[in-house]
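Subject: Structure handover

Hi,

Here is the structure I promised to pass on. Have a look at it first, and then read my notes underneath.

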Amino acid sequence: MLWKFEIMRTKVFITGTSSGIGLAIAEKLLLTDAYEVVGIGRRHTINHPRYIPVTADLSDFEATKTILFEADSSFSKIVLINNAGRIGAIQRVGSLSDDDIDDSIQLNLTAVIQLTNYFLSAFGRKDDRQQIILNISSGAGKNPIDAWSVYCATKAGLDMFTRCVREELNVLNQHQIYAFSVAPGVVDTPMQQHIRASTEENFSRLEYFQNLHREGQLLSTDLISHKVHLILEDPKQVGEEVVFSLKDFGIKK
Ligand SMILES: NC(=O)c1ccc[n+]([C@@H]2O[C@H](COP(=O)([O-])OP(=O)(O)OC[C@H]3O[C@@H](n4cnc5c(N)ncnc54)[C@H](OP(=O)(O)O)[C@@H]3O)[C@@H](O)[C@H]2O)c1
C-alpha cells in the first residue's frame with residue numbers, strides 16, 4: 001500500500017526581514033519545511049527557496065496599498081507578522097520633524113492597520129483555515145519614555161488596534177483567527193544601536209541603555225524567534241491574552 005503523507009503547510013507574511021527580530025524570525029521558520037515566508041520590506045538579505053521577497057516602503061501609504069495576500073489550498077495556516085518598525089529621531093516634542101513623525105506613524109501604525117485589513121479581507125471570515133496576526137509591539141506602548149513620544153504613541157495605538165481586532169473576532173465567533181500584540185523586551189538589534197548612538201542632551205535614559213548593552217543584558221534575537229515560533233505552532237497556548245510581554249511566555253533564556 002502506498003502511504004501519502006501531506007505536510008501541514010504554513011504561509012507567513014512578515015514585514016521587515018532584513019535585520020534584527022524580523023530576520024531572526026524568518027530564518028527560524030525557514031528551517032522547517034512546512035513554512036513559506038513572504039518577506040515585505042525595503043531590503044532583503046535572505047536567499048532561500050521558500051522565501052518570497054516583496055519590496056515595499058511601508059512608510060509610504062500608497063506603496064503599502066500594493067501588498068497582496070494570497071495562499072493556495074496547500075496551506076492550512078496563514079500568518080501575518082507586523083514586525084517592521086522605527087523609533088525615529090530621538091528628540092523631544094518641539095524638536096520633531098514633520099517627515100519623521102509621518103514616517104513613524106505610517107510604518108508603526110497605519111501600515112499595520114492597512115495590512116491587517118487586507119489580510120482579513122483576503123482570508124478572515126470566509127476562510128476556515130487557522131489565521132494568526134502577530135504584531136510586534138513594545139513596552140514603550142505602556143510606559144512614557146523621554147524623547148520617544150511618537151514611538152510610544154504608535155505602539156500604544158498598535159496595542160489598542162489589536163485589542164479591537166480581537167474584540168471584533170469574538171463578536172463574530174471567529175475563533176480560528178488569533179490576534180496578538182507582543183512586546184519582545186530589549187533585544188540586541190540595529191534598533192538598539194540607534195538608541196545607544198543618541199546623546200545625553202537629547203535622551204535622559206541613554207546611560208541605562210548603554211549599561212544594558214555593556215552588561216550583556218540584551219535579549220538575543222534567537223530567543224525571540226524561538227518564542228514566536230512556539231506561538232505560531234500552537235496559538236491556543238497563549239490563552240485569552242491579546243497584549244502581552246514575551247518575557248512572560250515560554251522559556252526565559
Ligand atoms: N530591539 C528592541 O529592543 C525592540 C524592543 C521592543 C520592540 N521592538 C520592535 O521590534 C520590531 C523590529 O525591530 P528591530 O529591533 O528588529 O529593529 P531593526 O533591526 O531596525 O529592524 C527593523 C526592520 O524594519 C524594517 N523597516 C524599517 N523601515 C521600513 C520601511 N519604511 N518599510 C519597510 N520595512 C522597514 C527594516 O528593514 P529595512 O531598513 O531594510 O527597510 C528592518 O528589517 C519593531 O517593530 C520594534 O519596534 C524592538
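Let's start with the ligand. There are 28 residues around the ligand, and those that come nearest are G16, G20, R42, R43 and G85. As for secondary structure, the elements that contribute two or more residues to this shell are α1 (20-30) and α5 (190-196). If you're thinking about the chemistry of the lining, the shell splits into 14 polar, 10 nonpolar and 4 charged residues. Do keep in mind that this is a predicted model.

Now for the sheet. It is an open one with 7 strands, the pairing is parallel, and the order reads β3-β2-β1-β4-β5-β6-β7. β3 (51-55) and β7 (243-245) sit at the edges with a single partner strand each, so one side of each has no neighbour in the sheet. Going from one strand to the next, the twist averages 20°.

Which strands does β1 pair with, and over how many bridges? One partner is β4 (residues 75-82), which runs parallel to β1 and is joined to it by 6 bridges. Another is β2 (residues 35-41), again in the parallel sense and over 6 bridges. If you want to check the register, there are a few pairs to click on:

- F13 is opposite L80 in β4.
- I14 is opposite G39 in β2.
- T15 has I40 in β2 as its bridge partner.

To get from β1 to β2 the chain passes through α1, and this β-α-β crossover is right-handed. So much for the neighbours of β1; is the strand itself mostly covered or uncovered? β1 (residues 9-15) is mostly covered, with 6 of its 7 residues buried. When you go through its side chains, remember that in a regular strand they alternate between the two faces of the sheet.

Next, the helices that pack on the sheet. Helix α3 (residues 98-122) touches β4 and β5 (130-136), and its direction makes about 165° with that of β4. Helix α4 (residues 149-171) also packs on the sheet, where it touches β5, β6 (177-183) and β7. The direction of α4 makes about 160° with that of β6.

If you only have a minute, look at α1: this helix gives two or more residues to the ligand shell, and it also carries the chain across from β1 to β2.

Cheers

Notes. Residues numbered from 1 in each chain as written. Predicted model: local features only at pLDDT ≥ 70, side-chain atom pairs only at ≥ 80, totals over all residues. Near = placed C-beta within 6 Å. Helix = DSSP H or I, 4+ residues; strand = E, 2+ residues; numbered from the N terminus. Nonpolar A, V, L, I, M, F, W, Y, C, P; charged D, E, K, R; others polar. Buried ≥ 20, exposed ≤ 12 C-beta atoms within 10 Å, placed from the backbone. Pairing = 2+ DSSP bridges. Right-handed = clockwise from strand over helix to strand, strands pointing away. Axes fitted to C-alpha atoms, helices over the stretch in contact; angles between N-to-C directions. Contact = placed C-beta atoms within 7 Å.
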